[in-house]
Amino acid sequence: MINRILALLIRYKNISFGSFPRLLSIFYWPTVQILFWGFFTNFFMSNGSFGIWSTLNIILSAVVLWDVLFRGQLGLTMSFFEELWSRNLPNLFITPLRDIEMVYGLILISFLRTLIGITPAVFFANYFFDFHLFELGLYLIFLFLNLIIFGWSIGFIVSGLVLRYGQAFEELAWAIIFIILPFSCVYYPLGSLPNIVQDIALFLPTVHIFETMRLILIENKIVLHNVFIIIFLNLFYLILSILFFLKMIFIARKKGLLFNQGE
Amino acid sequence: MPKTSIKTKNLSKIYDNKTVVSNVSINLPYGGIFGVLGKNGAGKTTFLAMLMGLITPSEGEIFIFDKSLKFHKYEILKNINFQSPYIDLPKKITVMQNLIFYARLYDVIDTKKKILKLSEDLFITDLLDNIYGTLSSGQKTRVNLCKALLNDPKLLLLDEPTASLDVSTSEFIRKYIKSFQKKNNSTILITSHNLEEIEKLCSHIILLEKGKIKFDGKKNELFKQNKSFSLKDIFLKDDK
């Protein structure tokens, strides 16, 4: 089993990082984002619109952490789409590779892609804006893991939908993150949302994650209740999304869809 | 050694009330080259896909090497492989990277040695460092065949194995398939529109028509039954 998962991981690594343009496509966006937001915030601070020292840190932390979610989801879906685009799914599914092993392989490559994608952004932010993401301390690991896990949940849902309903759903891979962005309270507190939207947004683990991030950066404290909610919601969505993905593979076998995918 | 390589009992596949494969029961002995023939839409690909677990049958049972595919799927899949010109490998990585990946999935021992040996046999050694997406369709067919032989399959399913190949390479591939079968005593199931190819390679033929078995037996019996000397004649007669 480990041999097969490792084989998947190495293959996805070769596909993802095999050439410089492909490697560049993984990390250019987080870096561009961090530079954009950094310069933007610098401008506001120098004009005195925001006086508090932590503004820059809060915004840049939000940018980097939001990108963890985005990279996590994209890393998973793009790796799976590679199989569809190259009409390789039948080859994969006639090997002894189990469906769940594919799930593990996708999770691992997404983790690797996210780390590689985010690292230059953190470096640039540190260099240009004296931004220290590591001020979040051990909580950073907690926030990072929970964001990437939610990214995987979305990734499995999108991949399952594309497998079942075809490539028209591929657009979702790019769009879905931006659909949930306004409700995730990445750059503003939950209270900024209208009341009715707040009630719905509370079901998103991202809301609790970014509220926690702000609390740590501003008040240097953490609310245990929030931590439990984040863990519970994330585990719930991850299990549900993996079950959904596995069910879509099952239906694809039933409907003969594994043969009909491709560019 | 198992008694049968492929045994199906009343195998059917129905999509949205449309029957694609209907009540197919076959019993193929272990070892040999068998041909599956039929016009477009006869259900050949669906039948093959069901044998590999890629499509779930609507009804019926499949036994590979005397074991139920439903209950021993992963054990069986270790000993099966498949090649089709309609299925590809990831285009962005090299031929070698693709082959190593599949060798790992099949737990092939001494991966590189095995790949190099097969590459020499199939004349693809020069292509190993090439990006798969840059290969011609003929080269891809040979690389895919190499992939299909990595695990020394006891059951090899070939869909149009010589499609897009020139005459001499096609002849080489046919000879290679024959010698592979003899050496390993494998079972090879071939579907092809190239009737001459099936005639040359197969002693046993399964003829599918609208998802049903029209004939299942020795090639000579088929000729006898149809008072013909070639598969082409039989197909042409049928059209009239």
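**Domain and chain contacts in the predicted model**

The C-alpha centres of domain 1 and domain 2 of chain B are 25 Å apart in this predicted model. Domain 1 of chain B is assembled from residues 1-79, 156-173 and 187-240, and domain 2 of chain B spans 84-152. Their contact pairs eleven residues of domain 1 of chain B with ten residues of domain 2 of chain B. On the domain 1 side, β7 (155-159) and α6 (167-184) of chain B each contribute at least two residues. This side of domain 1 of chain B holds five nonpolar, four charged and two polar residues.

Chain B also touches chain A. The contact draws 27 residues from chain B and 25 residues from chain A. On the chain B side, two or more residues come from each of α1 (44-51), α2 (73-77), β6 (80-83) and α3 (95-105) of chain B. The largest share, five residues, belongs to α3(B). By class, the chain B side comprises 17 nonpolar, six charged and four polar residues.

Within chain A, A:Leu9 lies in helix α1 (residues 2-17). A:Leu9 is classed as partly exposed because 19 other C-beta atoms lie within 10 Å, and a buried residue would need 20 or more. Beyond its neighbours within four places in sequence, A:Leu9 is in contact with A:Gly105, A:Leu108 and A:Ile109. A:Met102 is 93 residues from A:Leu9 in sequence, yet the C-alpha to C-alpha distance between them is 9.5 Å.

How values were computed. Residues are numbered from 1 along each chain as its sequence is written. Chains are lettered from A and ligands numbered from 1 in the order in which they are written. This is a predicted model: local features need pLDDT of at least 70, side-chain atom pairs count only at pLDDT 80 or more; totals for chains, interfaces and linings use all residues. Domain bounds come from an automatic or database domain assignment. Two residues are in contact if their C-beta atoms, placed from the backbone, lie within 7 Å. Helices (H or I, at least four residues) and strands (E, at least two) are DSSP runs, numbered from the N terminus. Ala, Val, Leu, Ile, Met, Phe, Trp, Tyr, Cys and Pro count as nonpolar, Asp, Glu, Lys and Arg as charged, and the others, Gly among them, as polar. A residue is buried if 20 or more other C-beta atoms lie within 10 Å of its own, exposed if 12 or fewer, and partly exposed in between; C-beta atoms are placed from the backbone.
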